[in-house]
Amino acid sequence: MYTFSSKLKTFSFALMIVGLLGVAYGFLSTPSSVEDVKIMLQESHDAHEDTGVATTHDSDNHAEAHSDDTHAEHAYHYLKNKPWSALYVALFFFFMISLATLAFYAIQHASQAGWPVVLFRVMEAITGYLPVGAVLLFVFFVLSSLHMNHLFIWMDADVVSNDELIQNKAGYLNVPFFLLRAVIYIAGWILYRQYSRKLTLAQDNASDNKNYIKLFKSSAAFLVFFLVSESMMSWDWIMSLDPHWFSTLFGWYVFASMIVSAITTIALVSIYLKGKGYLEFVNNSHLHDLAKFMFGFSIFWTYLWFSQFMLIWYADIPEEVTYFVSRFNEYKIPFLGMVVLNFVFPLLVLMNSDFKRVNWFIVCTGIIILIGHYIDIFVMVMPATVGDQWFIGISEISSVMLVLGLFIYVVFTTLTKAPLLAKGNPFIKESEQFHY
Amino acid sequence: MSSKVIQAMYNDDDVLMDAVKEVRAAKHHIEEIYTPFPVHGLDKAMGLKGTRIAITAFMYGCVGFSFAIWMMNYMMIEQWPQDIGGKPSFSFFLNMPSFVPIMFELTVFFAAHLMVITFYMRSRLWPFKKAENPDPRTTDDMFVMEVLVEGNVASLVSFLENTGTVEIKVTEK
């Protein structure tokens, strides 16, 4: 049995408290009116002029006065959205880790893989965050639909009444149906999570394989449900932030980001626990396999990232290409930087077979990959909600700290609830002796 | 220089593995082992060094990648930067996404083919090559270990007989 070290517990509480303070600061420091934003913009404008980059357009003054107003109005909405978006990215990021861990877990059961049996309890612990994260996200969606924020512009009746494109999508994009769909996805995922957990715990002390067979069947059924619900979830929760834009491989793209972060997290938690001496049955061949998955799915992510980008760039159809134009103009560093973090770095570091067995290599690459995929979600969400007002500052970092603290607390609390070896699994001997 | 080798035949890969370990422990030199299929762990038991063919493949991939970049840059940007369907051919990076499929395929092509050719050359395989197996049964169901005779033939034969061999031949090489 695992005992939650008091150090880690304190650390997770510290993260949550500091994060909460930062998030509160983020919400309090949003401008309270358009006038504030105008003053703010004027100040930054003046500051630019002081540096000597004088740009005076006397002839344009009249036209600019008008565009300044609309600009300030836009900036005001963006700045109002900023702490909400920061929180949303963090909530979604950690939620997607536990959701994809659940999918990975189901794949291992459905494919009757021998090697990962010793890691099942680690995966179950990471999916322990799923109910918590899902409920938090759902609360977030309810708050959004109550117009506490303007992340999903199709929820705003004024916007929809002036926008024929969104009106035509209102059959799908309307608040009651959106929340109902969210309930269905979340219920399905939590149901499988709790049921599979119950079955593996029952299998530990069972004399036959009945629970295992049930687990096999329910995992296969879950994967069918997951594939459909994950794709729709990505339309609802991410793509609908840009309701004028659509992409057919978006669900897969989000999935690729999810699964590589999930496998990385499994590897990081396993290495942490092994370092503390709790997983003596996990050898470096298990970690080698996880690292191979990290490597493979990093390339899979890049493949989808590039496919989505290149097809749209190549055809250059105006209604599709705006998505990448706004990302290229305002998010160049994160948009291109994440390709380096998520592709070039893992490609070069994890290609060597020997490196994949060295724990600190996996940890370093894993942290880079997680940062890269945080930025990936950031670049998916932020351009639609905060536009050019983005910044990775107090709101963003403290949101991550808040949710990370919660994630650590929930995951490691779940670890203490069950023995770390799923000993009833029929493949347990194979897994314990697994070597590559 | 002619030297004597003993060919010890085995009919099971587990017996062969144990025999290899015994022969190595007794410090006899194994010339070669012929098996009808890959025996997992045999290279480790024989103490063979790991292959470096993956490293060559990586380098060949780099060559292919560079070749693709050079070729596309030369043809599409430097030689005749024509406007084809509005694609920006002002610099390599502006038009890079459309070159990526070719860059990818050439990387794979070079890595795969040159690695295979390297493999053929290093393992001396080509059409019309004379087969080197000492006994036709080694391609079907027999495993043959060739041990170099350095001292007394009789003592080595009796040593090998105790390792589970089914047949022993002493031949000149």
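1. A:Gln308 counts as buried, at 5% relative accessibility. This is a predicted model, and the values here are computed from it. The residue sits in helix α11 of chain A. Leaving out residues up to four places away in sequence, A:Gln308 touches A:Trp245, A:Ser247, A:Leu249, A:Phe250, A:Tyr253, A:Tyr323 and A:Phe324. One of these, A:Tyr253, is 55 residues away along the chain, yet the two C-alpha atoms are separated by 8.2 Å. The burial label follows because 5% falls under the 20% limit.

2. Next, the nonpolar cores. The largest has 132 residues. Which members touch the most others? They are A:Tyr88, A:Trp189, A:Trp237 and A:Phe412. Helix α3 of chain A, residues 61-110, gives the most to this core: 20 residues. Apart from it lies another core, of 21 residues. Its members include B:Met17, B:Ala19, B:Leu42 and B:Leu160.

3. A:Trp237 deserves its own entry. Neighbours within four places in sequence are set aside here. The contacts of A:Trp237 then include the aromatic residues A:Tyr88, A:Phe92, A:Phe95, A:Phe141, A:Phe152, A:Phe178, A:Tyr185 and A:Trp189. A:Leu137, A:Ala182 and A:Ile186 are also in contact with A:Trp237. Two of these partners, A:Tyr88 and A:Trp189, are named with A:Trp237 among the core members that touch the most others.

4. Chain B, secondary structure. How many helices and strands does chain B have? There are 5 helices and 4 strands. Along the sequence they run β-α-β-α-α-α-β-α-β. Of the contacts in chain B with a separation of 6 or more, 76% join residues 24 or more positions apart.

5. Chain B, overall dimensions. The radius of gyration is 26 Å, whereas a compact globule of 173 residues would have one near 16 Å. The C-alpha atoms fill a box of roughly 80 × 30 × 30 Å along the principal axes. Of the 173 residues, 32% count as buried.

6. Chain B, surface and charge. The exposed area is about 11500 Å². Carbon and sulfur atoms supply 62% of that area. The chain carries 15 positive and 20 negative side chains. How far apart are the centres of the two sets? They lie 7 Å apart.

7. B:Cys62 is worth a look. This residue is found in helix α3 of chain B, residues 53-79. B:Cys62 counts as partly exposed because its relative accessibility, 35%, lies between the 20% and 50% limits. B:Ala111 is 49 residues away along the chain, and the C-alpha atoms of the pair are separated by 8.0 Å.

8. Backbone check, with two entries. Most residues other than glycine have a negative phi. A:Asp316 has a positive phi, near 60°, and is not a glycine. This residue is in the chain A loop between α11 (284-315) and α12 (318-330). A:Asp316 is partly exposed, at a relative accessible area of 47%.

9. The second entry is B:Arg124. Its phi is near 50°, again a positive value in a residue other than glycine. Where is B:Arg124 found? The residue is in the loop between α4 (96-122) and β3 (143-148) of chain B. Is B:Arg124 buried or exposed? The residue counts as exposed, because its relative accessibility of 53% is over the 50% limit.

Technical notes. Residues are numbered from 1 along each chain as its sequence is written. Chains are lettered from A and ligands numbered from 1 in the order in which they are written. This is a predicted model: local features need pLDDT of at least 70, side-chain atom pairs count only at pLDDT 80 or more; totals for chains, interfaces and linings use all residues. Side-chain values use heavy atoms; hydrogens and water are left out. Helices (H or I, at least four residues) and strands (E, at least two) are DSSP runs, numbered from the N terminus. The radius of gyration is taken over C-alpha atoms; the globule rule is 2.2 Å times the number of residues to the power 0.38. Buried means under 20% relative accessible area, exposed over 50%, partly exposed in between (1.4 Å probe, protein chains only). Contact means heavy atoms within 4.5 Å. Accessible areas come from the Shrake-Rupley method with a 1.4 Å probe; for residues, only the protein chains shown count as cover. Lys and Arg count as positive and Asp and Glu as negative; His and the chain ends are not counted. The place of a charge is taken as NZ of Lys, CZ of Arg, CG of Asp or CD of Glu. A nonpolar core is a set of buried Ala, Val, Leu, Ile, Met, Phe, Trp, Tyr and Cys residues joined through side-chain atoms within 4.5 Å.
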